[in-house]
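Got a minute to walk through a protein together? Have a look at the sequence and the model first, and then we can chat about them.

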Amino acid sequence: MKQLEGHLDVVDDSILKAFSPLLPQDEYLPLLLEVRPELVAPHGERDYFTHEQVATWGVDNFWGLPENPRSYYYRTFETSVGADGHLYEFVVPMVPPSWNDSVRVQHYVDLIRDGVTPTAVALSVLDVCQPATDGDDRDCYAHWGLSHFLLDGHHKLEAAAQSGASVQLLALVSSTGGLGGAEAVARLPELLARPRSARSAM
């Protein structure tokens with residue numbers, strides 16, 4: 001859609017109508033976010049599943065290994081949710097970046113360098129999880145995982161990651177599709193407006 005080539009000031013009804021057939025029946029909170037994506041490899045230095053998840057839950061009991069996301073993904077933001085919680089934000093492409101058209105990626109790299117902020121669209125879910133019991137040697141707290149599954153914008157996200165720049169993301173956040181629940185979803189606008197901060201183990 002032509003509107004998504006640049007920055008959106010408001011969410012136009014025509015955009016919602018275009019993407020609504022792709023969404024499960026639910027109530028959605030639409031959020032216009034600015035995200036600065038960082039491409040992450042499974043088991044890499046910045047992989048959440050290898051580091052933050054393991055610090056709380058440990059490795060898989062059977063395999064003795066961290067969970068494998070089996071996909072490259074983007075990390076974008078994190079912040080504190082009080083002493084007992086931390087929010088992690090991810091953008092998950094539906095195809096690996098290696099499948100992206102390099103010419104199309106370069107198109108968005110050029111737009112970004114010219115000062116244009118393109119807009120991507122995602123179906124988003126919020127999961128809030130924590131261990132059932134505390135462990136003496138584990139960093140136990142509630143993990144608020146906000147995952148954006150890209151419906152449009154694969155080339156835009158790769159271009160932004162290459163450029164070290166931001167893109168706009170229209171996140172259609174499901175009220176019931178994740179483990180967070182509607183009350184937690186309602187807190188997202190305030191949480192995402194907080195300063196970025198890394199987790200400090202208590």
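What follows is a set of questions and answers about this structure.

Reader: Before we start, what kind of model is this, and from which number are residues counted?

Author: This is a predicted model, where local features need pLDDT of at least 70, side-chain atom pairs count only at pLDDT 80 or more, and totals for chains, interfaces and linings use all residues. Side-chain values use heavy atoms, with hydrogens and water left out, and along each chain, as its sequence is written, residues are numbered from 1.

Reader: What pattern do the helices and strands follow along the sequence?

Author: Helices (H or I, at least four residues) and strands (E, at least two) are DSSP runs, numbered from the N terminus. The protein has six helices and seven strands. Read along the sequence, they give α-β-β-α-β-β-α-β-β-α-β-α-α.

Reader: What is the radius of gyration of the protein?

Author: That radius is taken over C-alpha atoms, and the globule rule to hold it against is 2.2 Å times the number of residues to the power 0.38. For 202 residues the rule gives 17 Å, and the protein's value is close to that, so the protein is as compact as a globular protein of that length. The radius of gyration is 17 Å.

Reader: What percentage of the residues count as buried?

Author: Buried means under 20% relative accessible area, exposed means over 50%, and partly exposed is in between (1.4 Å probe, protein chains only). Of the 202 residues in the protein, the share that counts as buried is 43%.

Reader: Which elements help cover the buried residues of α4?

Author: Helix α4 spans residues 154–163, and its buried residues are H154, K156, L157, E158, A159 and A160. Contact here means heavy atoms within 4.5 Å. The cover includes β3 (73–80), β4 (85–92), α3 (102–113), β5 (119–129), β6 (142–152) and β7 (167–174).

Reader: And S163, which residues is it in contact with, leaving aside neighbours within four places in sequence?

Author: S163 is in helix α4, and with a relative accessible area of 30% it's partly exposed. S163 sits 8.1 Å from R113, C-alpha to C-alpha, though the two are 50 residues apart in sequence. Leaving aside those neighbours, the contacts of S163 are V109 and I112.

Reader: How far is G153 from E5, C-alpha to C-alpha?

Author: G153 lies in the loop between β6 and α4, and at 8% relative accessibility G153 counts as buried. Along the chain, G153 and E5 are 148 residues apart, but their C-alpha atoms are separated by 9.6 Å.

Reader: Is I15 buried or exposed?

Author: I15 belongs to helix α1 (residues 13–19). Leaving aside neighbours within four places in sequence, I15 is in contact with M1, Q3, L4, L8 and L170. Its relative accessible area is 1%, so I15 is buried.

Reader: Which residues does S147 contact, leaving aside neighbours within four places in sequence?

Author: S147 is found in strand β6. At 13% relative accessibility, S147 counts as buried. With those neighbours left aside, S147 is in contact with F90, L123, S124 and V125.

Reader: Why is there no bond between the sulfurs of C129 and C140?

Author: A disulfide is a covalent bond between the sulfur atoms of two cysteines. Here a disulfide is counted when a pair of cysteine sulfur atoms lies within 2.5 Å, and the structure holds zero of them. The cysteine sulfur closest to that of C129 is in C140, and they don't bond because the distance is too far, at 13 Å.

Reader: Where does R70 lie, and is R70 buried or exposed?

Author: R70 isn't a glycine, yet R70 has a positive phi of about 60 degrees. R70 lies in the loop between α2 and β3. With a relative accessible area of 73%, R70 is exposed.

Reader: What is the phi of H43?

Author: H43 lies in the loop between β2 (38–40) and α2 (52–57). With a relative accessible area of 41%, H43 is partly exposed. H43 is not a glycine, but its phi is positive, at about 65 degrees.
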